[in-house]
Structures are given as C-alpha cells and as structure tokens.
Amino acid sequence: MKITFTHNAYKSKEGNQQVPPALTHALGCRNEKVAVQLFFQEERGVLTHSRESLLLPDLTLPIYRVALSCEELKVTGYLETYLPDDNRVLQADRLANDPYITFSENLPGVLWIDVEIPQTFSKKEVTLTAEIYVKTAFQDEVLIENKSIPIEILPYALPKPQDYTLFLDLWQHSSNVARQYQVPLWSDDHFNRLEEVVASLAQLGQKSVMIVASDCPWCGWGTHIGSKDGTSFYEYSMLHLIKQENGEFICDFTTMQRYIDLCAHYNIDADISLYGLLGVWEMDGFPSISITDYPERISVRYYDEATQTYLYVRNREEYIKYLQLIFEYFKKTGQFEKLYLATDEPKISDPVKAKQFREVLDILFSIEPNIQLKMAVDQDDVIKEYVEKTKVLAMSFPCTVSHPEIAKQYPDKRILWYVCNIPDKPNTLFKNHLLEARILGTLNSLFDLSGFLRWAYTAWTIEPRQDIRYETKGFPTGDFSLTYPSKNGKIEVSLRLKQLEMGIIDFELLAKLKKAGAHSVVEEAYQILQLDETYTTFMATKKETREGLYSLDYLDYQKFRRFIVDALIQLEKQKS
C-alpha cells in the first residue's frame, strides 16, 4: 500500500500512475480552510473515514479507515469520486459525502482534507495526523500507518466571504434543482434544496441574484436536439401571471420575492438579474411563442381565471402589461435600483436580429426609461454598439483580452468577464489543470475588472454523480456545473470549484495590496506565477490561447501566497 500526502491541485486520473508528488508541509492563513489530499494506491480496497458500519456489497475487500485529527482544529474529509471526461477517461472531481469508495491500482483512492483555521487562532504551526487502519470483513482493525504533515499558519486573517470585493456572478439554474431532486417546482421542498445551493454560493462571496421571468429563454441549451440520455436544462419563470375574470392582469411575485429574500439572508444582494425578457435565444425546432406585433418570441404563461386554464401571452398589449407589473413591483418594494434587465450573448451580426434587438430595447425604455441593462457578450460589435447603454457588461475571455482599456474608459460601469466552453485554457473544465481554475482570480487582478461570471453552477445532467458530459462537441465536460447534488439534498463541490475559491482569495489579497498602493509588490507577485502580463496577445486562435501564460507548478502558488501575505503583514506593521 502506498499512502501519500500531496497538494490540493493534484488531480487523479484513471490509468497507471506515478505516485503523486509528496507534500512536505502545507500553508494557510487564519479564517481559511487549508486543504491537502491523501492518496491510496493498492490493487483493490475500500476507503472510508467514517466510524459507522459500512453497507458493503463485497466483504472480501480490505477496508482502509482514516482517522483524522489536527490538535484542537476542526478537520473534515471528503472522498473523491471519478467521472468520465470528453475522452471517457475517469478523473477525480466530486468531493463526496459518501461513507466509502472502492479503489484499485488504476483508480487510486483519494481523500480530500480541509483543516479549518479560526480567525483568532494564535499558533504558528499545527500538525495534521492521519491514522490508517485496515481490516477485512469481521476481523479486528489494525493500525498500519500513521501519517502526519505540518501546517504553517501565517498570522494574517482572511476576510469573510460576505466582505469579498470581487463581484462574483455564478448563475443559478433553479428549475434544474427541482428537476434533479424530483420535487415540485417552487414548493417548500424545492426551496429547501435551493437554500443549500444559495448557502454554498455564499461561501464563495456570490453577489448576484438570478431571476428568470419567462419560460425556457435559452431553449434548454439545445436539450431538444442535444440530449441523448434524458437530460434537460429547461428553466421556468419564478413569476406567476394571472388574468382575472374581469380581464385585468395581476402578477404574483411571491415565489420570486421568496428567492430574493433567501439570497439576501445569505448576504447575496448586490444585484437582481432578471433574465428572459431580452435577447431570448432561438433554436431550430424549439416550440417558442410568437407575440403579435412584438419583435421577440418570448414564452410567458398565465392562468386564466375565466376559463380556469393556463395560456400564453400572445399579443403585445398583454405582454407590455406584464412588463409594467414587473417594473411597478420593484419600484413599490424599493428594489428597483438593484434590478438589472439581463441578456445573454445577443447576436447582432445578422441585420434582421440586430433590428429586432434594437426594437425590443426601444420598447423597454419607452415603458421604463430608468431600467438598467446587464449584458453578457461574446462579440466585439455588441460591445461597440451597447456599452454606453449597459450598466453591467460581462465579456467573454476573447473579448476581455481585446478590450484592455474598457474599465478605465467606463469607470461608472461594472465590468465583468467570463469563461464558458471557450477558451480552452484557462478554464474550469475537466480537461484543464486544476490550477487553471485558481489562476482566474489572479487574472481578474491583472485585467483590473470588477469581477467574474460563470454561466453554470448547478446545470446538472440526469445522473451528475456518475456523468456530467453533455453534447461534448459544443459543451466540453465540466462546462455545465461546478457542483454536484448529493442524495440527501446537500451540495457537494468539485475539485475545480475548490481551486476557483482559492483563486478568489488570491484576488482579495492582491486587491488589498493595490488599495494600499503596493503596486510593485503586486507586479512581483505576478512574476512568481510567471504570469504573462501582455494579455492582449493571449489568444492564439478564436477559441485557444497561447501556451506558457502562467505557472502550473503548485509550489509557485504556495510561494505566491506566502509572498503576498507577508507583504500585507508588513504593511499592517507599518501602519501601527
């Protein structure tokens, strides 16, 4: 049996492997979860860190139980499970709450370990210990190894996620949560699951609330043509329109407000992004609704009290009334200043669609001249035409590196950037090195933008604990989700999300240095990561970046973290 402590950016894959690089010590700050991994390589076995009896189907396998401790600190373990990538090679990604996993020589057992350092912790070093016991069936356990690793604790407390300055905008696919757990849409059971999602987002410093105000505005991301296993991604409106017997329309905002309030409870309340009313997608074969004398095909369902049936808005007058009800509600409840009418990658290269988009905007501004726009854009021509009208602009990676001065040109706007199915790197896809998720935080510092957007957090496939691939040619594995749904309703995170979280912390520390005027220190920190600062030349093709833009050596990131924290400590000493 080979048992090895290794760093948190090593990713296990199916196949004959070398022993992962041994980690001699870990490093962290106060108010941080310091993470390491413990690898097990053997012909076959069961790995657990539970003290409970295991419901095993095979009693002949040796059971390796890990008992974790780190002096007085809280230690949490997660068993890593494997899922197939684009090439059907199994990769570790899901940090599971499962009681055990099985492993083999070609599929190592891996235990992710978090050690929580309190904000007021005073010790400079602690020791993480892993006692490994083995048994089979009804034999007594035997201690076979005692592994330990020192953790150095830097005397600096990280900010709480709610105080992060990075504007994090991870989209919430609320309908898919109900679909995955097979609970009624917008029911109490659904909201119980949504609270788990929201709580997990809060731990990352999420800022934005996502509301969908029409049915299927993204056409299910091609579900009707791309799904091969029953997976669907249709999102439905949180707003409930009603046509009364007297012919007047009213709107029930209870569900929407309940979600807004839930997010606010977890300090997610910087903006309310309202999707589904502007730039809705169109796909061949998708049964969308036409509204008479209106430029866009938008599906808004309502309940007709006179006929006691559900119908769809099909004329312009009724649809405009729906928009008016929405704007009036947000004004009446004092939430209008946080409301953003949001659209996702509008296409204006086609003259007909460009004309339709302009007409829709004209109508919207005629109804409410003070509405704020939020656009996720992947085309330079959209930026050129609409940057003046847009309050929040989220640019694709290729657009971001081709507009280096945009934040300085428009200091009153919130400028975000995003990765999706492109670029090939850096990204949070299965095919990426884990550190390419972490580097996103430092890139946000380099770009000097407000924050980061990712379009999929819980867009789960039909069996996400086993396979998150979906129409791989258009959507590489990992593009649809950064989390996993556990069977008990909890949210399980991915290795990729763990690294993104570390990258967000990196950004926060760099932002503190910038705020203190220590720009030369920031430049030196970039150099530790071998970061190429000429980012306008990052793209090699429309979808691929050049090689060698940043380090993929974990030790560089450890050195980087120590360097910037030491600099912050020195700045604090100078103040005092």
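In this predicted model, Pro423 is placed in the loop that runs between strand 22 (414-418) and helix 10 (435-447). The peptide bond leading from Ile422 into Pro423 is cis, with an omega near 0 degrees. Pro426 also has its place in the loop between strand 22 and helix 10, and a cis peptide bond, with omega at about -5 degrees, joins Lys425 to Pro426. Such details are worth noting because most peptide bonds are trans and most residues other than glycine have a negative phi.

Departures in phi are found in other loops of the chain. Gln182, although not a glycine, has a positive phi of about 55 degrees, and this residue belongs to the loop between helix 1 (174-181) and helix 2 (188-202). Gln182 has a relative accessibility of 72% and therefore counts as exposed, since the exposed class begins over 50%. Asn267, likewise a residue other than glycine, has a positive phi near 65 degrees, and is found in the loop between helix 4 (254-265) and strand 16. The relative accessible area of Asn267 is 38%, so this residue is classed as partly exposed.

Salt bridges were counted across the whole model, and the rule applied gives 30 of them. One of these is formed by the side chains of Asp93 and Arg496, with a distance of 3.0 Å from N to O. This pair connects distant parts of the chain, as Asp93 belongs to strand 7 (residues 90-96) and Arg496 to helix 11 (residues 495-515), with their positions 403 residues apart in the numbering. Both partners, Asp93 and Arg496, are buried.

Lys374 takes part in a salt bridge with Asp169, in which the N to O distance is 2.6 Å. Because Lys374 lies in strand 20 (residues 372-377) and Asp169 in strand 12 (residues 167-170), the contact ties together parts of the chain that are 205 residues apart in sequence. With a relative accessible area of 2%, Lys374 is buried, and Asp169, at 2% relative accessibility, counts as buried as well. Lys374 also forms a salt bridge with Asp271, where the closest N and O atoms are 3.0 Å apart. Here too the pair links distant parts of the chain, with Lys374 in strand 20 and Asp271 in strand 16 (residues 271-275), 103 residues apart. Lys374 and Asp271 are both buried. Elsewhere, Glu32, Arg438, Asp506 and Arg561 are joined into one network by salt bridges that share partners.

The interior of the model was also examined for enclosed spaces, and six cavities of 30 Å³ or more are present. The largest cavity has a volume of about 150 Å³, and 13 residues line this space, those closest to its centre being Asn8, Leu27, Glu32, Arg438 and Tyr554. Glu32 and Arg438 thus belong both to this lining and to the salt-bridge network described above. At least two lining residues come from each of strand 2 (26-30), strand 3 (32-41) and helix 13 (554-575). When the lining of the largest cavity is sorted by class, seven residues are nonpolar, two are polar and four are charged.

The second largest cavity has a volume of about 60 Å³. Its lining includes Ser214, Asp215, Cys216, Pro217 and Cys219, together with Val280, Trp281, Phe286 and Ser288, and also Arg297, Ile298 and Ser299. By class, seven of the residues lining the second largest cavity are nonpolar, three are polar and two are charged.

On the surface, Met1, Val142 and Ile144 form a nonpolar patch, and the accessible area of these residues together is about 230 Å². Met1 is located in the segment that comes before strand 1 (2-6). The relative accessibility of Met1 is 34%, which means that this residue is partly exposed, a class that lies between the limits of 20% for buried and 50% for exposed residues.

Methods:
Residues numbered from 1 in each chain as written. Predicted model: local features only at pLDDT ≥ 70, side-chain atom pairs only at ≥ 80, totals over all residues. Heavy atoms only, no water. Patch = residues over 30% accessible without salt bridge, like charges linked within 9 Å, V, L, I, M, F, W, Y side chains within 5 Å. Areas by Shrake-Rupley, 256 points an atom, 1.4 Å probe, with all protein chains shown as cover. Salt bridge = Lys/Arg side-chain N within 4 Å of Asp/Glu carboxyl O. Helix = DSSP H or I, 4+ residues; strand = E, 2+ residues; numbered from the N terminus. Buried < 20%, exposed > 50% of the residue type's maximum accessible area, 1.4 Å probe, protein only. 1 Å grid on protein atoms, 1.4 Å probe; cavity = no way out; pocket = protein on both sides within 12 Å on 5 of 7 lines; lining within 4 Å. Points joined across faces, edges and corners; volume = space filled by probe spheres on them. Nonpolar A, V, L, I, M, F, W, Y, C, P; charged D, E, K, R; others polar.
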